[in-house]
Amino acid sequence: METDIATKECVIVYAHILQKGRPANILIGHIEVEHAHAQGVYAASKKAFAALGDQCSNWLEKIIAMGADGAAVNLASKGGVIVLLQQEAGDHIVPFHCMPHRLELAMLSVQRDIPMIRQLYDLLHLIWKTYRFSPKSMRELRVIGADLGVNALVPSGVKGTRWLPHVSRALETFLKPGQFTTVYRHMDYLAGSSANADIAGQATKVKKSMEDATFVAFCHFITDVFSGISKFSLLLQRNDVILPQVVCSLEQLLVTTEVMVARPKPHGRLSEFLTHMRLQRRQQDKEGEMAVYKFQTITLKGEASNLAEDGVAATKLKKVMDATIKSTVKNLKARFSSLLEESASESATTKAVKCFNIFNHDSWPENKEDLVDHGADDLAFLLDHFSTVLRRNGVNAELAKEEFVSLKLLIAKMFKDKTYLSLWELMLTREPYCSEHKVSFG
């Protein structure tokens, strides 16, 4: 459920369903909320389903989870919409805090932890405002770009939207060959010629940051970090995403982020930047020239000579990189603890989410004897936790346990090479498999 809209208090209701064996999102309705408390949001949500008539008349008998943003009106454990829904439909219903929103909150916490990330966000926002609200500045930027042989792009914003890929795009645009130089030249022009003291002061601030070798290197590093986070965010936004994919991708993101403490991302932005700095040092040593280091055509100041060495262990950059990685991993684990094995206290609904991993055939044991017993306890928990909705829909719990064993053996023998999505689409839609397991899983 989503409650954000500019002019009216509304609720937008989607249903995440299986459609021909594949997960899909369908729009149920967009309903104005009479009162913006939990009862009002819940009433509007039920009204959206009611408007569809008989085709959705039994939705309360089949619902197993509710996803929403993190607003207390939706997910508060006392008095939220989730509580009202559980009271009417059953305690088995699993509450989900919108995962892209959760990811955004994790990175906002990182931003609060790391001053240089705040500095970067503020600088990108200031650059965006300069050209977003001043056609004159945008024209000047394009003129400078044309003189340099560069197609100057409109800088992207980093604030005011919820999902993280926009930050990654803003960083890529900022560091694009020629774009960085063009923005710097225009800021240099504004700092020296603007009659407006505020504009001149802001331009000077941006210019100094763009000359700081540590800050420029950090921009490359954080671009690498946000590249992985952006891909994870886009996965979370897909209509056909399923929980095992999310868990697997989250674990991969944590691992690839943590290894950046030891070394830059291979072939990443920071790796290319440091390689270029070292090439400049070797060339200048060879020719006996005074050390001057540049990014694109901009002369870098600060610890540029240290960054041109073969290692950066003793640099300010390394310290802020380590702090950023530590904070990123910490906040990702905190926000997604219910999907990992790190929850301090585990509720029944949290355990139910983890138990669904038994249907991920990639994690099954190879040995047949082990496979027979694999997931038996988790399946028993799921059948008990969702017993209310299963009974409503005529599922035989004992038969389900027996069929799960035969299902595992069948998949291990014939379909181990299939992806998660294609496997369960086959099992749910193709004969004879859907008929053979219809009593327990259909």
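Q: Before we get to the strands, what counts as two strands pairing here?
A: Two strands pair if DSSP finds at least two bridges between them, and I should add that the model we are looking at is a predicted one.

Q: OK, so how many bridges join strand 1 to strand 2, and do they run parallel or antiparallel?
A: Strand 1 (residues 10-19) and strand 2 (residues 22-32) run antiparallel and are joined by 10 bridges; as one example of the register, Ala 15 has Ile 26 as its bridge partner in strand 2.

Q: And what does Lys 20 do in that hairpin?
A: Two residues lie between the strands of this hairpin, and Lys 20 takes a positive phi near 55°.

Q: Switching to packing, which residues have the most contacts inside the largest nonpolar core?
A: Those are Phe 273 and Met 427, in a core that has 103 residues, and the largest share of this core, 14 residues, comes from helix 11 (residues 213-236).

Q: What does Phe 273 touch, leaving out residues up to four places away in sequence?
A: Phe 273 touches Ala 213, Val 216, Ala 217 and His 220, and also Phe 295, Leu 300 and Leu 307.

Q: What other core lies apart from the largest one?
A: There is another core, of 25 residues, which includes Trp 59, Leu 60, Val 81 and Ile 93.

Q: Last one, helix 8: how many of its residues are buried?
A: Helix 8 (residues 165-175) is mostly covered, with nine of its 11 residues buried, among them Pro 165, Val 167, Leu 171 and Phe 174.

Q: What covers those buried residues?
A: The cover includes helix 6 (115-132), helix 9 (179-193), helix 10 (197-211), helix 11, helix 13 (269-287) and strand 5 (294-295).

How values were computed:
Residues are numbered from 1 along each chain as its sequence is written. This is a predicted model: local features need pLDDT of at least 70, side-chain atom pairs count only at pLDDT 80 or more; totals for chains, interfaces and linings use all residues. Side-chain values use heavy atoms; hydrogens and water are left out. A nonpolar core is a set of buried Ala, Val, Leu, Ile, Met, Phe, Trp, Tyr and Cys residues joined through side-chain atoms within 4.5 Å. Buried means under 20% relative accessible area, exposed over 50%, partly exposed in between (1.4 Å probe, protein chains only). Helices (H or I, at least four residues) and strands (E, at least two) are DSSP runs, numbered from the N terminus. Contact means heavy atoms within 4.5 Å.
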